[in-house]
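This report describes selected features of one protein structure. It is written to be read beside the sequence and the coordinates.

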Amino acid sequence: RIRQGWRQYVVARPLYSEDAFADEHEKIHRHHKTLRHHVKQYFTCDLKRAKNAALSLLPFIGWMRIYQLKEWLLSDIVSGVSTGLVAVLQGLAYSLLASLPPWYGLFTAFFPVIIYFFLGTSRHISVGAFPVLSLMVGAVVTRLVPDEGPPINITGFEGLTSDEQRVMVAASVTFLMGIMQLAMGLLQVGFIVMYLSDTLVSGFTTAAAIHILVSQLKFVLGLVVPGLSGPLSIIYTLEKIFVQIEKTNVCDLVTSILIMVVVFIVKEINDRYKAKLPVPIPIEVIMTVIACGVSYAFNFRVIYKVDVVGRIPVGYESPMAPNMQIFGETAVEAFPMAIVGFAVAFSVAKVYSVKHDYIIDGNQELIAFGASNIVGAAFKSFAASTALSRSAVQESTGGKTQIAGLLSALIVMVVTLAIGFLLEPLPKSVLGAVVIVNLKGMLMQIREVPYLWRRDRPDCVVWVVTCLASILLGLDLGLAVGLGIELLTVVFRAQFPRCSVLANITGTDIYKDRKDYMSIYEPEGVKIFRIPSPIFFANIDFFRGKLVEAVGFNPLRVLRKRNKALRTIRKLLKKGELQMTSKGLLLTSSGPIEESEDESNMEELDQPSDFKDLPVQVNWNSELPANIQVPRVDVHSLILDFSAVSFLDISALKGLKAALKELIRVEVEVYIVACDEYILEKLHSCKFFDDEVKSSMFFLTLHDAMLHILEKHPVNSEKTKVCEKVITTATIHGNQCNGVSSLRSRDKFVHVSN
């Protein structure tokens with residue numbers, strides 16, 4: 001019952017072992033479906049399932065049915081126009097990262113958006129070019145079609161210009177990436193993104209931002225630097241830049257610095273006053289228009305030798321089939337691209353779904369992006385995902401649904417079909433400056449390192465190793481290294497958990513780590529051991545080692561010593577040198593007696609001690625005759641807290657059973673508490689129990705086991721009897737046992753006579 005006003009509770013119930021609880025409380029029998037039943041159910045189709053499948057495959061039907069025309073349409077139009085202008089600019093800029101002519105970025109801002117409108121589940125992300133993916137595509141492109149030297153020997157390159165070869169490579173690797181994403185979606189493996197932690201993604205994207213920054217320096221400085229890929233490519237690129245730094249185009253440099261300063265300042269104003277501004281100031285678009293006008297008016301291309309965007313073809317190009325040979329050359333790079341593209345898009349989509357209270361489906365998102373990249377690649381676009389800055393524009397300007405995304409695609413289409421020529425005088429240094437200034441968010445992630453070092457050093461190691469590996473080895477290898485380090489940290493945390501010895505908090509039924517609290521009660525001869533992780537093949541030896549450390553002795557060594565002592569006692573009795581008296585066994589021989597060193601039948605030393613042919617049972621904690629030395633065992637009861645053990649594998653079952661038998665054979669009573677029902681069922685099904693290891697050792701709670709032990713082994717002193725009474729009542733009345741110094745036995749053994 002609960003006592004009002006006292007903030008305390010009193011519970012009166014029987015003491016429960018698992019067997020006693022099962023006898024008293026009847027369980028509901030649940031019928032577990034077989035694999036055959038699941039397969040049959042999966043392939044069974046009815047009208048309801050067909051309807052749900054259609055809604056799942058075409059999510060736009062669901063939100064179109066609830067579309068509020070009057071309230072949402074105007075917001076979607078404003079958002080679509082704003083996002084479309086940003087998408088045009090970013091499409092041109094990110095094409096440079098992919099080592100492609102700028103106008104192919106317009107294709108990436110159009111075709112994938114149309115497909116995602118029908119298949120995607122997020123209402124707010126803006127689909128299109130993403131700088132990290134663009135850079136990964138660029139690494140593949142420059143590897144197969146380098147700036148200097150002949151391209152790799154691929155059938156289908158004959159008769160094509162260098163740009164056309166690069167477009168074929170980019171489209172083919174994007175097509176393969178889309179196939180991988182689509183396959184993962186159909187196989188329902190959207191959970192794979194869970195293996196990319198926020199820490200890993202943060203370190204990876206920070207490294208990508210550094211790669212992007214270095215790749216854009218050649219445009220900002222107006223230098224001719226060939227694109228490089230592979231390990232240490234960033235070092236070689238910086239070397240080539242600094243070797244020709246004196247050839248910097250001052251006009252490009254001044255223009256870039258001016259653009260970056262203005263855009264940075266206005267973006268800070270947008271962030272600071274976003275609550276007061278109806279829509280963010282589209283400063284990138286404004287500065288791009290101004291730069292185009294100034295470049296055209298002063299003829300930057302001719303007078304100042306500035307590299308400009310140049311001719312932008314009107315309209316779309318005819319579809320192109322992917323090259324199968326390129327598939328084989330780029331499969332290793334395509335897989336991390338598929339994972340990164342989906343992981344970033346899903347993370348952004350999840351943020352907005354929580355904010356606006358709707359559900360996104362990871363598997364459907366994989367299908368949507370897979371189909372978007374496949375269709376886009378057929379029309380010569382490169383890898384699409386989402387950029388946080390562009391999605392932020394779509395959401396912050398009032399976008400409610402993907403109608404805004406559809407309208408942004410229409411804006412891109414207008415530029416592609418009608419007014420693209422207006423962007424021809426645009427200096428590439430302006431695009432590079434826009435890319436660099438938008439890296440602020442990713443570069444600032446480096447501020448997480450000090451926090452991670454203070455709060456979680458394994459996570460900090462993951463961040464630093466992922467970032468450094470991605471910078472030095474390239475993004476694809478860096479991601480693989482980061483994932484490997486992340487999985488290693490998980491393995492080490494599970495393999496070497498922080499085990500602890502618990503003690504009762506005085507006057508309560510609560511048990512905590514004995515090292516953390518002063519007012520604790522530890523009954524003599526009782527140890528409570530807790531392992532806070534699953535027990536499996538990799539940590540079962542660690543578990544057994546920590547268990548030996550907790551109880552203070554090695555049970556197998558003690559058992560062997562005892563059995564050797566029994567051999568010696570039997571030999572002395574047989575020779576008549578040891579006789580039974582009223583005071584026990586008495587040594588009659590005056591000479592020195594050596595312990596038996598008979599090494600025959602060593603396996604018998606690991607068996608339970610056998611007293612059947614001895615006239616008296618030996619008290620191992622008392623003084624033994626003939627100077628026989630056997631380690632003392634001051635623990636009579638051991639409680640294993642399994643509340644945090646979620647599973648055991650077969651190796652763990654064998655190791656656990658061996659450890660329990662060793663303890664039981666040295667007369668230590670073992671109790672296992674708070675064991676998961678699934679684990680208990682597995683123990684029964686695996687024939688875990690026998691004459692020594694019995695199911696009666698399992699108790700419902702830790703306190704039940706402690707009460708059982710106190711009942712079975714009453715304490716001797718009057719002071720400890722007071723605490724026994726307190727712990728038995730299991731009520732909360734304060735510190736009744738404070739000041740009883742004999743109760744705390746930290747770091748020492750307490751003598752217990754048998």
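The sections below cover aromatic rings, charges over rings, cysteines, helix packing and a few single residues.

**Aromatic pairs**

The model is predicted. It holds 25 aromatic pairs. One of them joins F60 and F117, whose ring centres are 5.8 Å apart; the planes of these two rings meet at 35°, so the pair counts as tilted. F60 belongs to helix α4 (residues 60-65) and F117 to helix α7 (residues 111-119), so this pair ties together parts that are 57 residues apart in sequence. F60 and F117 are both buried.

The pair of F496 and F542 has another geometry: it is edge-to-face, with 85° between the planes and 5.3 Å from centre to centre. F496 sits in the loop between α23 (475-495) and β5 (500-505), while F542 is part of helix α24 (residues 540-551). These two residues are 46 apart in the chain, and their pair links distant parts of it. F496 has a relative accessibility of 41% and therefore counts as partly exposed, since that value falls between the limits of 20% for buried and 50% for exposed.

Aromatic residues also gather in a group. W103, Y104, F107, F110, F111, Y316 and F379 make up one aromatic cluster.

**Charges over rings**

Which residue lies over the face of Y358? It is R123, at 4.6 Å from the ring centre. A lysine is placed in a similar way elsewhere: the charged end of K657 is over the ring of F688, 6.0 Å from the centre of that ring.

**Cysteines**

How many disulfides does the structure hold? The number is 0. For C467, which is in no disulfide, the nearest cysteine sulfur belongs to C460 and is 11 Å away. A disulfide would need the two sulfur atoms within 2.5 Å. C467 has a relative accessible area of 7% and is buried. C675 is likewise in no disulfide, and its nearest cysteine sulfur, that of C686, is 12 Å away. The relative accessibility of C675 is 7%, so this residue counts as buried.

**Helix packing**

Two packed helix pairs are described here. Helix α5 (residues 69-97) packs against helix α17 (residues 388-396) at an angle of about 165°, and the axes are 8 Å apart. This angle makes α5 roughly antiparallel to α17, because angles over 145° count as such. The crossing of α5 and α17 is right-handed.

The second pair consists of helix α9 (residues 162-186) and helix α16 (residues 362-378), which pack at about 155° with 7 Å between their axes. Here too the angle makes the helices, α9 and α16, roughly antiparallel. The crossing of α9 and α16 is left-handed.

**Positive phi angles**

Q188 is not a glycine, yet has a positive phi of about 60°. This residue is found in the loop between α9 and α10. With a relative accessibility of 44%, Q188 counts as partly exposed.

K687 is another non-glycine residue with a positive phi, of about 55°. It is placed in the loop between α27 (677-685) and β13 (698-699). Is K687 buried or exposed? At 65% relative accessibility, K687 counts as exposed.

**Isoleucines and their spacing**

I210 lies in helix α10 (residues 198-221) and, at 25% relative accessibility, counts as partly exposed. I283 is located in helix α13 (residues 283-297); its relative accessible area is 6%, so I283 is buried. The table sets out how each of these residues stands to a second isoleucine, in sequence and in space.

| Pair | Separation in sequence | C-alpha to C-alpha distance |
|---|---|---|
| I210 and I436 | 226 residues | 9.6 Å |
| I283 and I259 | 24 residues | 9.6 Å |

I210 and I436 are thus 9.6 Å apart in space with 226 residues of separation in sequence. For I283 and I259, a sequence separation of 24 residues goes with a C-alpha distance of 9.6 Å.

Note on methods:
Residues are numbered from 1 along each chain as its sequence is written. This is a predicted model: local features need pLDDT of at least 70, side-chain atom pairs count only at pLDDT 80 or more; totals for chains, interfaces and linings use all residues. Side-chain values use heavy atoms; hydrogens and water are left out. Rings of Phe, Tyr and Trp (its six-membered ring) pair if their centres lie within 6.5 Å; planes under 30 degrees apart count as stacked, over 60 as edge-to-face and the rest as tilted. Helices (H or I, at least four residues) and strands (E, at least two) are DSSP runs, numbered from the N terminus. Buried means under 20% relative accessible area, exposed over 50%, partly exposed in between (1.4 Å probe, protein chains only). A charge sits over a ring if NZ of Lys or CZ of Arg is within 6 Å of the ring centre and within 35 degrees of the ring normal. Axes are lines fitted to C-alpha atoms, for helices over the stretch in contact, and angles run from 0 to 180 degrees between N-to-C directions. Angles under 35 degrees count as roughly parallel, over 145 as roughly antiparallel, 65 to 115 as roughly perpendicular and the rest as oblique. A crossing is left-handed if the near helix is turned anticlockwise from the far one by less than a right angle, and right-handed if clockwise.
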